[in-house]
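Here's a quick tour of the model, aimed at someone who likes to check contacts and backbone angles by hand. Keep the viewer open while you read.

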Amino acid sequence: MKFVSTRGQSPAVSFLEAVALGLAPDGGLYLPEALPDLSPRLRGWGELSYADLCAEFMGVFATDVTEDVLARLVRRSYGTFSHPEIAPLRRLDDNVYVLELFHGPTLAFKDFALQLLGNLYGWHCEQTGRSLNVLGATSGDTGAAAIHGLLGKPRTAIFILYPDGRVSPLQERQMACTGAANVFALALDGTFDDAQRLLKDAFGDRAFADPLHLSAVNSINLARVLAQCVYYLHAWLRVPEAQRENVEFVVPTGNFGNVFAGWLLERMGVPIAGFKVATNQNDILHRFFTTGEYRVGTVQPSLAPSMDIQVASNFERWLYYHFEEDAAQVRAAMDELKRTGATRVPRFDAHVFSSSRSTDADITANIRRIHARYGYVLDPHTACGFQELNPARTSVVLATAHPAKFPEALRAAIEIEPTHPALEALKARPLAKHALPVDLAQLKAFIRAHGV
Ligand SMILES: *Cc1c(COP(=O)(O)O)cnc(C)c1O
């Protein structure tokens, strides 16, 4: 299978090429040249374990990796998870399920994509004898998950930019206390959007990026989107059959990567009834899905920091399909957004999407309400998903992080401070972070000095 850029001005590439490149040379994001129809395969996939389902699904796209290698990389990736079902589906009542995506090494859903991406990178370096410098920006969980995907892998180095003071102390420890020599946690004196802009500029400087084999690990990598499709599929296959076609996935959303993956599955013939885009007070996507106007505001730090985002990078992938795969219209919309800070989508029809917005007070109220009603403890991101569930649907709310990652918010809401042994172990280890201003030249110098 080949993959094309949303901007239409780069050649089509193979799966491994798209994974290695991250961002397409024309500034666009990679998507399959044509989406497969998965509907004939669904019946046969119902009984597969998570790892087997993932290998089957990825095999449809990664046609330049042999089945054996793919199966091995997938098993290794999900072998680091602490729950035997990998992504257990918990029933709260007849119409409300929670899909627990926090049993990976960093206790957030990003491990699903980044364990696999790390193993793909490691295998690619082994095959080609090349080295790889990975650069990412994080508002919290991405960085930790990316780091744990590449921890100690030979011929790789990973540099993660994060807004200093805007990630939780535990998230920071997950990045800066690994003790691994190939890991660099860069504490930026700025916001997450500053970090993302620096990252785009670094990748845009070809004379800098190319010789270093610089690769992206933020939510734009094609492999991440595809790996994230798998847990939607796995969960959908576990909902009682009579309810399956009425399932609405409720997705705590920042960058639009997670919910886009689910929606892509629907485009590939899985009959999912709807997707609810659940934002925190940084509600650009909620405003978009209610008005058709995508207007960038300023980031307000919230209780759900991994969703404190105003420029949802994967949104461009959705636009590509909305414009019926017309890359010229995507370019025009992205240009307008860059020039004016806003774009309006013509003939806008949200179709399967609905949306909600949660203030910090809503987050706290939702944590309390769900704990009182079901005895179930939500993290602040997952709590955004419990804002206004649609009673006409079977809701599957994605639990994107383990509540133990946010002890202060939980204590404030329900006077319980959940713990997790993996996090307790981190508290005793030394913190190794590098402070950086929002300055491209200094970032480049650091990477040149420490890269492989
Ligand atoms: C990253 C993250 C999100 C947002 O996911 P996107 O793919 O960026 O929309 C939500 N919750 C948690 C815990 C996260 O780490």
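Let's start just past α13, where Glu324 takes a positive phi of about 50°. Bear in mind that this is a predicted model. From there the briefing goes back into α13, then on to aromatic pairs, backbone angles, salt bridges and a charged patch.

**Helix α13**

- α13 is mostly covered, with eight of its eight residues buried.
- Charged side chains are on that list too: the buried residues of α13 include Glu316 and Arg317.
- Among the other buried residues of α13 are Phe315, Trp318, Tyr320 and Tyr321, and two of these, Phe315 and Trp318, come back in the next group.

**Aromatic pairs**

- The count comes to 34 aromatic pairs.
- One of them joins Phe256 and Phe315 edge-to-face, at 5.8 Å centre to centre and with 75° between the planes.
- Phe256 sits in the loop between β9 (247-252) and α11 (257-267), while Phe315 belongs to helix α13 (residues 315-322), so this pair ties together parts that are 59 residues apart in sequence.
- Both partners are out of the solvent's way, as Phe256 is buried and so is Phe315.
- Phe289 and Trp318 make another pair: their ring centres are 6.0 Å apart and their planes are at 70°, and because an angle over 60 degrees counts as edge-to-face, that is the label this pair gets.
- With Phe289 in helix α12 (residues 284-291) and Trp318 in helix α13, the pair ties together parts that are 29 residues apart in sequence.
- Phe289 and Trp318 are both buried.

**Positive phi angles**

- Phe256 turns up again here, with a positive phi of about 75° although it is not a glycine.
- Its relative accessibility is 1%, so Phe256 counts as buried.
- Glu415 has a positive phi of about 55°, and it isn't a glycine either.
- You'll find Glu415 in the loop between α17 (407-414) and α18 (421-426).
- Buried or exposed, then, for Glu415? Glu415 is exposed, with a relative accessible area of 72%.

**Salt bridges**

- The tally here is 15 salt bridges.
- Arg43 and Glu241 meet through their side chains in one of them, at 3.5 Å from N to O.
- Arg43 lies in helix α2 (residues 42-45) and Glu241 in the loop between α10 (222-236) and β9, so the contact ties together parts that are 198 residues apart in sequence.
- Both ends are out in the open: Arg43 is exposed, with a relative accessible area of 72%, and Glu241 counts as exposed at 51% relative accessibility.
- Glu100 forms a salt bridge with Arg90, and their closest N and O atoms are 3.7 Å apart.
- That pair runs from strand β4 (residues 96-100), home of Glu100, to strand β3 (residues 89-93), home of Arg90, with the two positions 10 residues apart in sequence numbering.
- The two ends get unlike labels: Glu100 is buried, with a relative accessible area of 5%, whereas Arg90 counts as partly exposed at 40%.
- Arg91 pairs with Asp94, with the closest N and O atoms 2.5 Å apart.
- Asp94 counts as exposed, at 54% relative accessibility.
- Which residues are linked in a network of salt bridges? They are Asp164, Glu172 and Lys433.

**A negative surface patch**

- Asp52, Glu56, Glu67 and Asp68 form a negative surface patch.
- Two helices are involved, as α3 (50-61) and α4 (67-78) each supply at least two residues of the negative patch.
- Asp52 lies in helix α3 and is partly exposed, with a relative accessible area of 41%.
- Why can Asp52 be part of a patch at all? Patch residues need over 30% relative accessible area, and Asp52 has 41%.

**One loop residue to look up**

- Leu389 lies in the loop between α16 (380-384) and β14 (394-399).
- At 24% relative accessibility, Leu389 counts as partly exposed.
- Leu389 and Trp236 are 153 residues apart along the chain, and their C-alpha atoms are separated by 18 Å.

Key. Residues numbered from 1 in each chain as written. Predicted model: local features only at pLDDT ≥ 70, side-chain atom pairs only at ≥ 80, totals over all residues. Heavy atoms only, no water. Patch = residues over 30% accessible without salt bridge, like charges linked within 9 Å, V, L, I, M, F, W, Y side chains within 5 Å. Areas by Shrake-Rupley, 256 points an atom, 1.4 Å probe, with all protein chains shown as cover. Salt bridge = Lys/Arg side-chain N within 4 Å of Asp/Glu carboxyl O. Lys, Arg positive; Asp, Glu negative; His and termini not counted. Charge placed at Lys NZ, Arg CZ, Asp CG, Glu CD. Helix = DSSP H or I, 4+ residues; strand = E, 2+ residues; numbered from the N terminus. Buried < 20%, exposed > 50% of the residue type's maximum accessible area, 1.4 Å probe, protein only. Phe/Tyr/Trp six-rings, centres within 6.5 Å; stacked < 30°, edge-to-face > 60°.
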